[in-house]
Amino acid sequence: MKITVIGTGYVGLVSAVCFAELGHTVIGVDIDEAKVAKLKEGVSPIYEPELDDLLRKNIAAGRITFTSDITEALPDTQVVFSAVATPPNEDFSADLRAVFIVAETVATHADHNIVFVNKSTVPVGTGEKCEDIIRKKLTERGVDIEIAVVSNPEFLREGHAIHDTMQPDRIVVGIPQNADWAKKIMEDIYKPLTRTGKPILWMKRESAEIVKYASNGFLANKISFINMLSELCEATGGNIRDIAKGMGMDDRIGPRFLQSGIGYGGSCFPKDVKALIALSRETGVPLPLIEATHNINQHQRDRYFKKILTALPTNATVGIWGLSFKPRTDDMREAPSLDLIPLLLEAGHIVRVFDPIAMDNAKSMIKGEVTWSANMTDAVTGADATILLTEWDEFRGVDFTKLKTAMKGPDLFDGRNIYDPEEVKAAGLMYHGIGIV
Ligand code: NAD
């Protein structure tokens, strides 16, 4: 199958490379020429474990190429996956401009039947809007071809994206009415995975669009639920880790996404929860659990930052471990570090930072003067406080006695609740976790 993937970001590039690995012939298209130039050389513009090797292997095998010119890709292609970004607007709605531009561009240049697949996360009804844009353009051109608009939302997790794409729990595909030919093409694309037992769930396009938001809304809700209880623990002397353990062993609940911390960040949960709130306002359908999820997340971040700012001495030196929104990625979108660092600088503190992978991305996003440390020890040597913001594995095995000796002050802020408070205290440090007093 000849596949075009438009948008070679975290989702598009991984999808493109995995489709190539599954034996398809793939062209990745991106408007960012610098990105395309790197990709042509076999260099991934993003950090994702295993991606570099797979990219180079498939370029060498001639199964994947890249271009910034969509007209180079379309003539041979049977299916176009759109994986452009859908960031939040000020009013919380999803910014769909890139999706609509891509739909229109495909309709402007196509000269044969094509399946247009929305892989981006888009609110329910977007498929229909793409269909309208495409129909209008084809009519304007007087071209008699069919472009079927399919929804195939992506569920990969950054940091595990290759695994999630090659071993998906499920593949969700929403097909428009009377488009059996498109269904057949989608079946063929995913045959290498369905042959190994991975299920495709066929559904109405509207349902597929909703499934993606429902999944992210539910997971974000689980995080906000445990974070909400962390404040109750702090007020009453409970320990949130024990609450999570006690709840998680009930297999109707399960242990995952019950880790209390400074709240969710990243490019998906915050924006998808916001988009659901916008959808609720637009449709008049109340989604109070979703509104609460968002508010708790904001509150959790704010109250932990307040705790840090209150505890620090004046003009403190602070060492920050971790900048990306979560481990195993260089993605800085909606990372807590982006909110905390300006607050620290504004309060007159000196900030040193270290992240194993995200420093390059962070440099273009963090405003103000910080010291970019070469390693985790440099970041905290002589510091009044250490603040863990991202739970990279290498921050887990800390020798607290050595940390105490290296630091000037006693405060360790564990923004991800990964350390044992007793061990930290035994080394003479002050432990500041979440939901643990
Ligand atoms: P991204 O910002 O990493 O990548 C988007 C890419 O699209 C960029 O490289 C950009 O240059 C390119 N682009 C924008 N407009 C274009 C155009 N007109 N033509 C060609 N290329 C264009 O975004 P992402 O994180 O990969 O997310 C893409 C979509 O997938 C979003 O809707 C997101 O919600 C969804 N999603 C993301 C994840 C994730 O973990 N990142 C997981 C599941 C779903």
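Start with the empty space: a search of the whole structure, which is a predicted model, finds one cavity of 30 Å³ or more. The space inside the largest cavity comes to about 30 Å³.

To see its walls, select Asn118, Ser120, Thr121, Val122, Ser151, Pro153, Glu209 and Lys212, which line the largest cavity. Colour this selection by class and the lining of the largest cavity divides into four polar, two nonpolar and two charged residues.

Next, colour the chain by domain. Select 2-198 for domain 1 and 245-432 for domain 2, as the domain assignment gives them. Place a marker at the C-alpha centre of each domain; the distance from domain 1 to domain 2 is 33 Å. Where the two touch, domain 1 contributes 20 residues to the contact and domain 2 contributes 21 residues.

Now show the surface between them. Domain 1 and domain 2 bury about 1,600 Å² between them, and carbon and sulfur atoms carry 55% of that area. On the domain 1 side, select Tyr47, Phe92 and Glu158: these supply 43% of the area that domain 1 buries against domain 2, more than any other three residues.

Keep Glu158 selected and add Arg333. Their side chains form a salt bridge, with an N to O distance of 3.9 Å. The count of salt bridges between domain 1 and domain 2 is one. For polar contacts across this interface, the rule finds eight residue pairs, with both residues at pLDDT 80 or more. Colour the side of domain 1 that touches domain 2 by class, and eleven nonpolar, five polar and four charged residues appear.

Last stop: which residue of domain 1 meets the side chain of Arg333 in a salt bridge? That residue is Glu158, also one of the three that supply 43% of the area domain 1 buries against domain 2.

Conventions
Residues are numbered from 1 along each chain as its sequence is written. This is a predicted model: local features need pLDDT of at least 70, side-chain atom pairs count only at pLDDT 80 or more; totals for chains, interfaces and linings use all residues. Side-chain values use heavy atoms; hydrogens and water are left out. Domain bounds come from an automatic or database domain assignment. Contact means heavy atoms within 4.5 Å. Buried area is the accessible area (1.4 Å probe) that two parts lose on being put together, summed over both. A salt bridge is a side-chain nitrogen of Lys or Arg within 4 Å of a carboxyl oxygen of Asp or Glu. A polar contact is a pair of N or O atoms within 3.5 Å; within protein, one must be able to donate a hydrogen and the other to accept it, and residues adjacent in sequence count only if both atoms are side-chain atoms. Ala, Val, Leu, Ile, Met, Phe, Trp, Tyr, Cys and Pro count as nonpolar, Asp, Glu, Lys and Arg as charged, and the others, Gly among them, as polar. On a 1 Å grid over the protein atoms alone, a cavity is a set of points where a 1.4 Å probe fits but cannot get out, and a pocket is an open set with protein on both sides within 12 Å along at least five of seven lines; lining residues have an atom within 4 Å of a point. Grid points are joined across faces, edges and corners, and a volume is the space filled by probe spheres set on the points.
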